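Please open the structure in a viewer and keep the selection tool at hand. This tour proceeds from one selection to the next and states what is to be found at each.

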Amino acid sequence: MPAFRQVGEKQLPNPVLCMAWSPKRDLIALANTTGELLLHRLASFQRVWSLPPSEYTGKEITALAWRPDGKILAFSLGDTKQVVLCDVEKAEILHMFPMQSSVTCMNWMEVEENSSLGSFYNSEDESKLFLPELPTLPKSYSTTSKIFSEEKSDEILNLLGEVRLNILVLGGDSGSVELYAYGMYRIATLGEVSGTCRSLSLSSDLKSLSLITEVKSSDSTSGICYVQLDTGLLSECLPEVTRMARKFTHISTLLQYLHLSLTCMCEAWEDILMQMDLRLTKFVQEKNTSTQVQDEFLDLLLWGQSSPELQALLMNQLTVKGLKKLGQSIESSYTSIQKLVISHLQSGSEALLYQLSEVRGMSLWKQKFERLGLDSEAIDGAITAVGSFSLKANELLQVIDKSMKNFKAFFRWLYVAMLRMCDEHVPPELNKMTQKDIAFVADFLSEHFSKNEELFDRKGKYFNVEQVGQYLKDEDEDLVSPPNAKGNQWLKFLQDSTHLKESPLLFPSYPQKSLHFVKRRMEKMIELCLQKPAEVIGKSVKQALFMPLYAVPDSSEKIPRLFELPSLWNDRKGKMHCVVFCMPEISPSKLYLLRKGTDPNRYIPNSFLSIDLSHYLDSSDDNGAAAQFHYVYSCLDARFYDDEMLTVVLQGSEDQNNRRVLAQVSLASSLSCETEFCWEPGVRLDQQCSSIPCQGLVLGNQWRELENMKAQFVAVNGIRKVACVLSANFRHIRVFEMDVEDEDDEGADSQNASADQDGLETTISSQGPVEESLESEGESREQEGDAFQKSEELLQSKEAL
């Protein structure tokens, strides 16, 4: 029986650029050449969802990485130079951040358990004792960017995930490397590494970071190099780094929450509210009289008479029904914005102040956090900026409250005046107007119309009777109608006080600026606060090892960079970085293994090994006589299945019909070599590879021939015991369970044949969404395992009887 059970096969319509298995579920993510992100499950390779390319995110996916808990999928885009975090359960984009250069590789690593962090894990939710729970955003609003979904606030707050520290490592085409704690906060910006990053791996003990780079020389040839960076500061200060990263990630999620809240407020402010301003502007441009608009409306208020131009404006353009609809829209819009300010902006600002205050307390603990670059002065600036944002939000509330009262009185009077122009019946409850009401409307006309008419004459801008919208415009210009501060006793007291005028304890209010301007300033100050620790930690990282491996041949075939060897692996138990690679130009039938300790000063025996891919395969002829066939393979792809096993795709020679084999190679026998390789510094590895110790290939029954398929690449997950094989044309895929033998060889062959006939078959998205829940995936496999174990026990009991 063939080893490994085939559970799915598919011909995809578009070539695949990269693929990655989920660390916790039987799911695999694929990115194709159209920029589409696909998620498939193991069973029958059934599609779960697809995320189409977008002009807001990008159309050129360059790398994929799963968060260690399997709930978030990160992918980078080369055309827009952005990194996107996507929710796996709902296929929704949760967070995006830009990069200086295009990301070529990424790795998402979880730090190993540490007993010193037990107390911190237990005290993680102390903020919930002091702060109210942030309300969810209204479902009725969807953001203008068309990226974020309606019920986004819950997912934004869940971006933190588990308390244990996990770090997303990003490598760029210019050699830049950045580390993001929890995938959100940039915890370190490393100095540029020579060459282009092709693969990277951060050790779980945070002692070192290993990279594979491609360095171009002066003669236009490229060489593959292994680089190891010493990240000892992260390892030594792990409790402090975890606390700081957790707080800063809280702050990043709160900034995202405030951004979405402000976006909802902008959408609640409708364009219909501009109709009054636009009609008045047109009226000024077209009127033939020298009188001002203020005088026109005052004549109507005091004498009940209006000019033909004003009457045409009210009756033909504004109309009675239009005025009534405008009044209802203003009241509804203002009420919605008022609720969002009170429940979302103020709550988010309070939570932001709390988290920044805790970070400031950490910065004053010099013994623990000074090494990490926490600057109390920068944090004070961020706290002041958040306070200014809260003041501007309160100012907006006051403007909304005043505008609602003004518009109600103004529209009530104008509605009655227009009814009288039409000779229609005026309801008695609206007909009563006291001297106080007349004075109120007169003050409103005097304050808004005269000021805006002067502004129109001076700058040619339209009227701005509606004053809430100017706070929500994302512009750097000053407010057209800033609030009137005359008679404010508090401001007068501050101006007269020489000590309080420049006091750092008071938050500046920026009365001439919009809410968007103050928000951008707050984000900039917080960014400065977060930036210094990343720079300090980045400068502490030093290069511990630089090892040129081999030259890259100039191949006419363009292979996606993520599929190319070498492949990196972090051995958690052995605390080692492992690298597997081939040198087809030097020795095509050998596979090379490099091992280095996560501690750069630690000695590792048998650090260089090679595996001879010549294998004697036992078989039998038609008469039952035993026979031996000597196959010589070349390695097409190799990935670490776990700490002790490699999964490889092998190709036979031409006289063996170029047969393709999927195999598991145990490293236990190869690592027992007694000969030690002595590295000669300054010489590339391929120039001294003849002295590398070599071990024979031992497969046993852990192999399977891949018939009717030009297999080329493989992606594996040793935790879930699954593998995905991709063909040389990047379209044909087969999925295997690696710990189960195929029980029906004929069934597998028929499945292969049917898949070849179905070459143009598209994926399952056209058949509707998958009904099964992702959460049930692991349970179904566990139940299958239990049933198999029970049947085996039953057979053993029968044999015993």
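Two strands are said to pair if DSSP finds at least two bridges between them. The model on display is a predicted one.

**First stop: the sheet that begins with S1**

Select strands S1, S30, S29 and S28, in that order. They form an open sheet of 4 strands with antiparallel pairing. At its edges lie strand S1 (5-11) and strand S28, each of which pairs on one side only. On average, neighbouring strands of this sheet are turned by 20 degrees against each other, direction ignored. In general, the strands of a sheet pair through backbone hydrogen bonds.

Next, narrow the selection to S1 and strand S30 (residues 732-737). These two run antiparallel and are joined by 6 bridges. For one opposing pair, display glutamate 9 and, in S30, arginine 734.

Now move to glycine 718, in the loop between strand S28 (711-717) and strand S29 (722-727). Is this glycine 718 buried or exposed? Its relative accessible area is 16%, and the cut-off for buried is under 20%, so glycine 718 counts as buried. Add aspartate 739 to the view: glycine 718 and aspartate 739 are 21 residues apart in sequence, and their C-alpha atoms are 9.7 Å apart in space.

**Second stop: the sheet from S2 to S5**

Select S2, S3, S4 and S5. This is an open sheet of 4 strands in the order S2-S3-S4-S5, and the pairing is antiparallel. Strand S2 (16-21) and strand S5 (47-51) are the edge strands, each pairing on one side only. Here, neighbouring strands are turned by 20 degrees against each other on average, direction ignored.

Within this sheet, strand S4 (residues 37-41) pairs with S5 in the antiparallel sense over 4 bridges. Which residue of S5 is the bridge partner of leucine 39? The partner is tryptophan 49.

**Third stop: helix H5**

Select helix H5 (residues 238-268). At 1.5 Å a residue, its 31 residues should span 45 Å, and its end C-alpha atoms are indeed 45 Å apart, so the two values agree. Of the 31 residues of H5, 27 are buried, and the helix is therefore largely enclosed by the rest of the structure.

**Fourth stop: a nonpolar surface patch**

Display Trp490, Leu491, Phe493, Leu505 and Leu506 as a surface. Together they form a nonpolar patch with about 520 Å² of accessible area. One of them, leucine 506, lies in the loop between helix H14 (489-496) and helix H15 (515-540). Leucine 506 has 30% relative accessibility and so counts as partly exposed.

**Last stop: S24, S25 and S27**

Select strand S24 (residues 645-652) and S25. The two run antiparallel and are joined by 7 bridges. Two of the contacts can be picked out by residue: glutamine 651 has arginine 660 in S25 as its bridge partner, and valine 649 has leucine 662 in S25.

Keep leucine 662 selected and add strand S27 (residues 703-705). S25 also pairs with S27, in the antiparallel sense over 3 bridges, and leucine 662 stands opposite arginine 704 in S27.

Finally, consider how far these strands are covered. In S24, 7 of the 8 residues are buried, so this strand is largely enclosed by the rest of the structure. In strand S25 (residues 660-666), 6 of the 7 residues are buried, so S25 is largely enclosed as well.

Notes
Residues numbered from 1 in each chain as written. Predicted model: local features only at pLDDT ≥ 70, side-chain atom pairs only at ≥ 80, totals over all residues. Heavy atoms only, no water. Axes fitted to C-alpha atoms, helices over the stretch in contact; angles between N-to-C directions. Buried < 20%, exposed > 50% of the residue type's maximum accessible area, 1.4 Å probe, protein only. Patch = residues over 30% accessible without salt bridge, like charges linked within 9 Å, V, L, I, M, F, W, Y side chains within 5 Å. Areas by Shrake-Rupley, 256 points an atom, 1.4 Å probe, with all protein chains shown as cover. Salt bridge = Lys/Arg side-chain N within 4 Å of Asp/Glu carboxyl O. Expected span 1.5 Å × (residues − 1).
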